[in-house]
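Dear colleague,

Please find the structure we discussed handed over to you below. I should be grateful if you would look through it alongside the notes that come after it.

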Amino acid sequence: MSDWLSALAGPLRGDVRVPGDKSISHRAIMLASIADGTSRITGFLEGEDTRATARAFAQMGLVIEAPRPSERIVHGLGARGLRVPSAPIDCGNAGTGMRLLAGLLAGQAFDSTLIGDESLSRRPMRRVIEPLARMGARIDAEQGGLPPLRIGGNCALHGIDYELPVASAQVKSAILLAGLYADGVTSVREPHPTRDYTERMLAAFGWPIEFGPGWAKLSGGHHLTARDIDVPADFSSAAFFLVAATLVPGSEITLRDVGINPRRTGLLHALRMMGADINGVNPRSVGGEPVADLVVRHAPLHGIDVPLELVPDMIDEFPILFIAAAAARGTTRIRGAAELRVKESDRIAVMAKGLRALDIRVEETPDGAIIEGGRFAGGEVDSAGDHRCAMSFAVAGLLASEPIRIGDCANVATSFPGFVELANGCGFGLRANA
Ligand code: S3P
């Protein structure tokens with residue numbers, strides 16, 4: 001068990017590049033693996049989640065070279081080239097890994113089993129099993145639709161037209177990946193548009209696909225052609241620095257090469273509504289993805305009602321938004337975010353409990369929270385093994401009257417290896433295993 005102690009070392013300063021985007025890194029390994037030819041991935045996230053995905057494909061016969069950190073050379077086996085894995089595939093902590101793999105494996109000629117760690121083993125999989133079964137897949141789960149998932153091979157899949165009950169890029173992607181192996185047309189519609197990396201990357205690898213905000217459509221039986229992928233820095237990892245530099249007086253940080261896909265940057269809008277001073281400079285396109293450097297300076301924040309339409313575009317950023325809200329003047333109201341209860345932890349409960357332990361007034365609701373801005377006391381909080389909650393509480397420590405001890409932080413390595421060193425280089429006073 002790894003605990004952290006967080007306090008402020010000084011105003012935050014720095015010019016940093018946070019690690020590569022997790023969502024894009026997962027997809028890059030997957031699509032390069034089933035493409036014809038060799039793809040080079042640069043900026044790959046060396047996190048436990050994305051490494052687990054790379055290991056999954058190595059188990060299925062892929063040769064994946066790692067010539068240097070954050071680089072992978074994937075010798076694709078083609079859409080029908082994967083081999084039967086000799087053991088269950090361990091997705092670790094990664095919901096994205098498991099759900100996307102479920103779709104991709106449903107179309108293979110062999111049986112497979114997907115397992116995960118304690119947190120992943122509690123996360124709902126019926127949301128992918130149900131549409132995949134409609135396509136003709138055979139997937140058994142534990143009671144309640146929980147992992148492990150046992151996926152039957154040699155199913156003749158057929159396309160479906162599916163309206164997602166919840167806005168989920170993972171579910172959408174699982175269906176599209178199964179659709180590669182299905183007869184006929186597979187189409188998906190979402191209640192709110194979600195991140196479209198699977199669609200963009202399929203198109204980049206040459207698979208015919210039509211898509212727009214909230215919908216996508218493809219047919220089976222085509223080919224993917226290898227290509228190189230440059231993964232931008234992960235906006236969700238940059239988010240901790242955006243909020244930290246906003247909250248600590250005298251701070252200024254530049255975050256380099258950050259992916260600013262509009263389906264990911266809801267937090268930028270929310271923070272600007274709250275009064276933040278964040279500028280995107282040097283906007284450009286990297287491998288078809290919008291990227292910019294983000295310059296953030298200290299600014300006082302005030303509470304807001306988070307607009308409902310922003311929720312899917314900032315779904316991974318609520319833990320750090322809780323911290324921004326707790327440090328803002330006035331009240332912040334979050335609703336329409338019930339999905340937070342089925343992430344790596346129940347993020348509404350974990351953040352509310354932690355903030356209360358730090359003397360912040362928070363009212364939990366079924367789909368959000370009402371947070372009264374105040375001053376953080378020092379104290380002890382539990383991240384519940386959730387990487388984003390751990391890093392969020394580390395930011396609270398910068399403003400607390402006494403240091404904050406944060407429990408169970410080891411899973412930060414799933415998405416942000418090197419967080420402690422990078423943060424301390426900017427002025428955090430973080431001690432691991434303190
Ligand atoms: C992801 C989709 C989101 C997000 C997760 C990554 C993806 O999950 O929370 O961190 O890469 O597709 P949902 O699809 O469950 O909303």
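The notes below deal with the ligand site and then with the aromatic pairs.

Please bear in mind throughout that this is a predicted model.

The ligand sits in the largest pocket. Its surroundings are made up of Ser-23, Arg-27, Thr-96, Arg-99, Ser-168, Ala-169, Gln-170, Arg-195, Ile-315, Asp-316 and Lys-343. By class, five residues of this shell are charged, four are polar and two are nonpolar. Three helices each contribute at least two residues to the shell, namely H1 (22–33), H3 (95–106) and H5 (169–179).

Several side chains place polar atoms against oxygen atoms of the ligand. For Asp-316, a polar side-chain atom is 2.5 Å from a ligand oxygen. In Ser-168, an N or O atom of the side chain lies 2.6 Å from an oxygen atom of the ligand, and for Arg-27 the distance from a polar side-chain atom to a ligand oxygen is 2.7 Å. On its own the ligand would expose 390 Å², of which the protein buries 95%.

Turning to the aromatic residues, the structure contains seven aromatic pairs. One of them joins Phe-240 and Phe-419: the ring centres are 6.3 Å apart and the planes meet at 75 degrees, so the pair is edge-to-face. This pair connects distant parts of the chain, as Phe-240 belongs to helix H7 (residues 235–247) and Phe-419 to helix H12 (residues 419–426), with the two positions 179 residues apart in numbering.

With kind regards

Terms used:
Residues are numbered from 1 along each chain as its sequence is written. This is a predicted model: local features need pLDDT of at least 70, side-chain atom pairs count only at pLDDT 80 or more; totals for chains, interfaces and linings use all residues. Side-chain values use heavy atoms; hydrogens and water are left out. A residue is near a molecule or strand if one of its heavy atoms lies within 4 Å of it. A polar contact is a pair of N or O atoms within 3.5 Å; within protein, one must be able to donate a hydrogen and the other to accept it, and residues adjacent in sequence count only if both atoms are side-chain atoms. Accessible areas come from the Shrake-Rupley method with a 1.4 Å probe; for residues, only the protein chains shown count as cover. On a 1 Å grid over the protein atoms alone, a cavity is a set of points where a 1.4 Å probe fits but cannot get out, and a pocket is an open set with protein on both sides within 12 Å along at least five of seven lines; lining residues have an atom within 4 Å of a point. A molecule sits in a cavity or pocket if more than half of its atoms lie within 2 Å of its grid points. Helices (H or I, at least four residues) and strands (E, at least two) are DSSP runs, numbered from the N terminus. Ala, Val, Leu, Ile, Met, Phe, Trp, Tyr, Cys and Pro count as nonpolar, Asp, Glu, Lys and Arg as charged, and the others, Gly among them, as polar. Rings of Phe, Tyr and Trp (its six-membered ring) pair if their centres lie within 6.5 Å; planes under 30 degrees apart count as stacked, over 60 as edge-to-face and the rest as tilted.
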